[in-house]
Each structure stands twice: as structure tokens, then as C-alpha cells.
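Visitor: Hey, I've got a model open here. Can you walk me through it?

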Amino acid sequence: MSTHLPTADLRDPDSAARTARMRDALRAAAFTADGLLELLGAPAYAALARSETVPALRATRGDGPLATLVRLFLLQRPVPYDRAAAALPVDDCLADGWLVRDGDEVRASVDVRPYGGPDGQDWWIVSDLGCAVGGAGGIRAAEEAAGVDRAQLVLGVGGASTTLAGLTVRTPVAKVLDLGTGSGIQALHASPYATEVTATDLNPRALRIAGLTLALSGVPAADLREGSLFDPVGEETYDLIVSNPPFVISPGARLTYRDGGMGGDDLCRTIVQQAAAHLNDGGYCQLLANWQHVEGEDWRDRLRSWVPRGCDAWIVQREVQDVTQYAELWLRDAGDHRTGPEEYAARYDAWLEEFEARRTKAVGFGWITLRKSGAADPSITVEEWPHPVEQPLGSAVVQHFERQDYLRATDDAALLAGRFRLADEVVQEQVGLPGAEDPEHVVLRQNRGMRRATKVDTVGAGFAGVCDGSLPAGRILDAIAQLVGEDPVLLRDRTPDAIRTLVEQGFLEPVETGKD
């Protein structure tokens with residue numbers, strides 16, 4: 001099978017025009033995220049995400065343009081030339097290498113997957129054949145389909161990339177760096193709000209495919225640079241650095257797209273520690289990461305030690321796997337479970353040997369966000385939150401750091417003089433035995449963003465319930481003290497910590513004086 005990739009290049013007017021005609025044809029055929037769902041139906045659409053293609057093959061037995069495009073680019077089945085010509089400017093696609101002709105049939109050279117942008121854009125993600133449909137155990141098949149060594153394969157959109165895209169701060173900025181761009185998904189997301197986008201990758205094939213993703217989606221080309229980590233950008237600085245790096249903690253570096261090639265979690269640590277030098281003041285660095293849980297060490301302290309001077313940080317652990325679960329996950333990802341029993345056992349043992357040598361008992365997965373604040377007393381929050389959240393979370397990330405700024409600058413006296421508003425969609429739950437006069441405890445619960453829940457006492461619940469921004473916190477506490485028969489001075493003394501917790505977690509929002 002050929003290693004050929006399309007040659008679409010927006011710098012070449014003729015190629016750019018052919019790409020535009022292909023993009024127009026994809027839109028005209030409804031080869032979009034919404035169009036796929038309508039054609040395939042929810043069960044077949046969901047099955048395709050699980051790498052099960054039979055339902056989609058049945059749904060595309062017709063000869064309409066959309067069915068043809070699904071068979072070509074998603075299912076990677078050859079179709080008759082005439083059928084392809086009814087759906088695409090087929091000679092343009094052959095000229096630029098999106099399609100390859102075999103006698104009376106044509107086949108796709110790459111996977112092209114419809115992808116809905118955050119503001120309703122119709123985009124398309126390009127990847128190697130089989131690397132979007134392949135899923136667990138699909139890498140061996142993808143290697144054969146793409147005709148390249150598996151170490152150089154470029155994957156398409158997946159759960160990690162969409163998670164990071166949802167987390168990313170989306171405010172207009174001058175410069176964005178997508179570190180380890182892969183198929184270009186994060187660079188694509190940056191295109192609507194960044195003046196300049198730079199995308200780097202160690203794998204030159206990834207840079208070519210990222211360029212195809214951007215060209216086919218009709219967004220401005222990124223500055224594509226080959227190299228490891230920050231090497232390709234020298235001393236340049238950015239307003240936002242975003243990275244879905246090869247974070248898998250593995251023995252060796254077999255697969256470029258997932259294995260970092262450094263020992264343990266050193267690759268993620270290196271990105272975090274070097275990011276500050278490449279951030280403008282107020283800039284963010286956001287990445288997904290894996291980290292070791294080392295015997296005898298607190299994982300939170302390990303991650304705090306990564307944060308560079310002058311940066312605030314918010315680190316959220318979403319999942320933890322013991323070393324056997326972790327090894328099995330990534331052995332399946334590489335298709336090693338399909339090898340002979342002895343070969344599989346040897347590779348499994350190599351993973352466990354590596355973990356034992358590093359005293360690693362488990363591996364955590366989560367999000368890391370840095371903000372270059374320059375604060376002498378930085379805010380570093382490291383927490384575990386395995387519960388469902390509401391994506392996108394980009395605005396919640398900004399609000400988290402705004403709250404940290406407020407709390408850092410506000411002493412207790414100013415806190416009690418301040419005014420607060422209960423955040424939107426916060427509800428109160430009372431927990432206790434049926435028929436009891438008083439609840440055992442009260443829970444405040446968010447239905448937006450991080451969807452946190454926190455226990456409060458009756459004073460805390462009463463305080464939050466009347467916060468509408470009209471009265472200073474101290475006056476509210478004085479009124480509560482009168483109602484419950486408590487000394488108002490003592491109540492003022494013991495309540496600021498509880499108010500700070502409610503502000504820090506986003507249940508209460510500070511209201512600027514004179515503003516509604």
C-alpha cells in the first residue's frame with residue numbers, strides 16, 4: 001500500500017482552488033457531523049465510534065453522494081469512479097492525491113472525518129487510514145492500510161483531543177502554540193480567535209496531515225514546524241500554549257503519537273516546567289497529562305513541584321488506574337493482545353518491570369492549566385474530580401483564576417464588606433431521615449461547569465440563599481446571627497473561611513460595588 005499523502009497547499013492558488021471545490025462538494029453532500037448522524041442513525045453512528053463498521057455499511061448501501069463519501073473516507077471502501085464523480089470533483093481529488101484510482105474504482109488515501117466546530121462550523125479532520133475508525137486494537141490494521149510504520153501513524157480525533165478542545169480558554173489572542181499538533185485538531189480550534197497559530201510536531205508526517213486538516217476545513221494555514229517540545233520555537237512567547245502530548249508512561253517509545261520517549265512522566269513535567277519561559281504575561285498553558293503515583297510520595301505534592309515560578313496552576317486528576325489496568329489499556333491500544341501469548345506476556349512483563357523500577361503503584365490522568373501571573377504568592381490548586389462536568393469548560397477555567405485573584409487580594413475585612421451573588425443554577429439539597437425536624441446536613445450543588453457539590457451548615461446555607469448582590473456579607477451575617485441567637489461578632493469571626501470556600505469553588509460570585 002502506498003504511503004502517499006494528498007498535496008493540498010493553500011499557498012498554491014491552483015491547489016487552493018481545487019481544495020475549495022472539494023470542500024464545497026463535501027458541504028453540498030451534507031458530509032458533516034449533522035449529516036452523518038441523519039444518514040446513519042444514532043445506533044450506527046455510535047457503533048462507528050466503537051470501530052464497528054457493519055451498521056454503517058448497511059446504512060450506505062444506496063448510491064447517493066453522502067453514502068458514497070462515507071464509504072470512501074470513513075469506511076475506506078473503494079467505489080466506482082462514476083459514483084465518486086457524482087459526489088466529488090473527482091479529477092481534482094485525484095490530482096491532489098485525496099483519491100487514488102485502481103482501474104474503474106477509486107479509493108481514499110487518507111481518512112477524512114466530519115467534525116463540528118464550537119460555533120457550528122463544518123470542519124474535517126484528516127488522519128491516516130484506519131486511525132480514526134481503528135480504535136482499540138486497530139493500530140495493526142491501520143499500519144497495513146496506511147502503508148507506513150506504526151510509529152509514524154497520525155491519529156484522528158478522539159476523546160482526549162475533544163476533551164482538551166473543550167477545556168481551552170477561547171479569548172481573542174495574538175499568538176497560539178499547538179505543541180505536538182498531530183492531525184491539527186487544536187490548531188483548527190485556535191484558528192477563529194488567534195491572529196497567528198504555530199503548530200509543532202516531532203513527526204513530519206503529522207505536520208503534513210495537520211496542514212491538510214486546516215486546508216480542507218478552510219481556515220488560515222498555521223506555521224508548521226518540525227521538532228521536539230519547545231525546540232522549534234526558540235525563545236518565542238505566546239498568549240496560549242495548548243498540548244495533547246504523547247503522555248503515555250511506557251517502557252520505550254514504540255509509537256510516536258502516544259509514547260513520550262522520556263522516562264516515567266518526565267515528558268509532561270518538562271512541558272509544564274518549560275512553558276513559563278514561552279508564555280506572555282497573563283498567558284495560559286493547557287495540556288492533558290499522565291502522572292505517576294509513586295510509593296511513599298503524595299501525588300499532589302509531586303505535581304505542585306512541577307509548577308514553574310511565577311505561574312498559578314489548576315491541576316485536576318480525572319482518573320486513576322493501577323499499573324496492571326494501565327498496561328493492559330495501552331497494550332490493547334497497540335494491538336499487542338492480538339500477538340502470540342508468549343510475546344504478549346513478555347511485553348506485559350516489560351511494562352510491570354518499568355513501573356516496579358520507578359516505584360509506581362498507579363497512574364493518574366487529568367488536566368493541567370498554568371497561568372503566568374507573576375504573583376509572588378502563586379495559587380496552586382491540585383484536586384481530584386472524577387465526576388461528570390459540563391463541557392466546554394474554557395470559561396470556567398478563566399473564572400477559576402479570576403476567583404483566585406480576588407481571594408488573594410481580599411483580606412477578611414474586605415471580604416465581609418464585599419457583596420456576593422449566588423451563581424446560576426445552584427440548588428440546595430437537604431439530607432436526613434424522613435420526618436426529621438432538621439436535616440443531617442445541607443448540600444449545595446452546581447448544575448453547570450464543574451458541577452461541584454459541597455456540604456454547608458445552616459448558616460452557610462442561609463447566607464448563600466440570600467446573596468443577591470444587594471447587601472454586604474457582614475450585614476447578612478448580622479441578620480443571621482439575630483435569627484439564630486448567636487453573637488454577631490463571633491459569627492463574623494468564624495465565617496470568612498466558609499465564604500472563601502464558596503467563592504473558590506464557584507458557588508458565590510463577587511459583585512463589584514456599583515455594578516448590577
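Guide: Sure, we'll go through the strands, the salt bridges and the cysteines.

Visitor: Ground rules before we start?

Guide: This is a predicted model, so to speak of local features we need pLDDT of at least 70, side-chain atom pairs count only at pLDDT 80 or more, and totals for chains, interfaces and linings use all residues. Residues are numbered from 1 along each chain as its sequence is written, and side-chain values use heavy atoms, with hydrogens and water left out.

Visitor: OK, what's the strand order in the open sheet of eight strands?

Guide: The order is β8-β7-β6-β9-β10-β12-β11-β13, and the pairing is mixed. Strands here are DSSP E runs of at least two residues, helices are H or I runs of at least four, and both are numbered from the N terminus. Two strands pair if DSSP finds at least two bridges between them.

Visitor: Which strands stand at the edges?

Guide: β8 (223-226) and β13 (380-384) do, each with a single partner strand, so one side of each is left without a neighbour in the sheet. The twist averages 20 degrees from one strand to the next. For angles, axes are lines fitted to C-alpha atoms (for helices over the stretch in contact), and values run from 0 to 180 degrees between N-to-C directions.

Visitor: How is β9 paired up?

Guide: β9 pairs in the parallel sense with strand β6 (residues 173-179), over four bridges, and in the parallel sense with β10, over five bridges. On the β6 side, D178 stands opposite V242 in β9. On the β10 side, Y284 is the bridge partner of L240.

Visitor: Is β9 enclosed or open to the outside?

Guide: Largely enclosed by the rest of the structure, because five of its six residues are buried. Buried means under 20% relative accessible area, exposed means over 50%, and partly exposed is in between, using a 1.4 Å probe and protein chains only.

Visitor: And which helices go with β9 and β10?

Guide: One is helix α11 (residues 266-275), which makes a right-handed β-α-β unit with β9 and β10. Right-handed means that, with the strands pointing away from the viewer, the path from the first strand over the helix to the second runs clockwise. Another is helix α8 (residues 159-167), which lies across β9 (238-243), β10 (279-294) and β12, and runs at about 145 degrees to β10. Contact, by the way, means heavy atoms within 4.5 Å.

Visitor: What joins β11 to β12?

Guide: Strand β11 (residues 311-322) and strand β12 (residues 360-372) run antiparallel and are joined by 11 bridges. W314, for instance, stands opposite T369 in β12. There is a salt bridge too, between R371 and D312, with the closest N and O atoms 2.7 Å apart. R371 lies in strand β12 and D312 in strand β11, so the pair ties together parts that are 59 residues apart in sequence. Both R371 and D312 are buried.

Visitor: How many salt bridges does a search of the whole structure find?

Guide: It finds 31. The criterion is a side-chain nitrogen of Lys or Arg within 4 Å of a carboxyl oxygen of Asp or Glu. Among them is E236 with R225, where the closest N and O atoms are 2.6 Å apart. E236 sits in the loop between β8 and β9 and R225 in strand β8, 11 residues apart. E236 is partly exposed at 27% relative accessible area, while R225 counts as buried at 19%.

Visitor: What about E354?

Guide: E354 forms a salt bridge with R358, the closest N and O atoms being 2.9 Å apart. E354 counts as partly exposed at 24%, and R358 is partly exposed at 33%. As for networks, salt bridges that share partners join K175, D223, R225 and E236 into one.

Visitor: Switching topic: how many disulfides?

Guide: Zero, going by the cut-off of cysteine sulfur atoms within 2.5 Å of each other. C93 counts as buried at 1% relative accessibility, and C131 is buried at 9%.

Visitor: Last one: which way do the side chains along strand β3 point?

Guide: They alternate along β3 (residues 105-108): V106 and A108 point to one face and are buried, while E105 and R107 point to the other and are not. Strand β2 (residues 99-102) pairs with β3 in the antiparallel sense over four bridges, and V100 stands opposite R107. β2 and β3 form a hairpin with two residues between them, and G103 in the turn has a positive phi of about 65 degrees.
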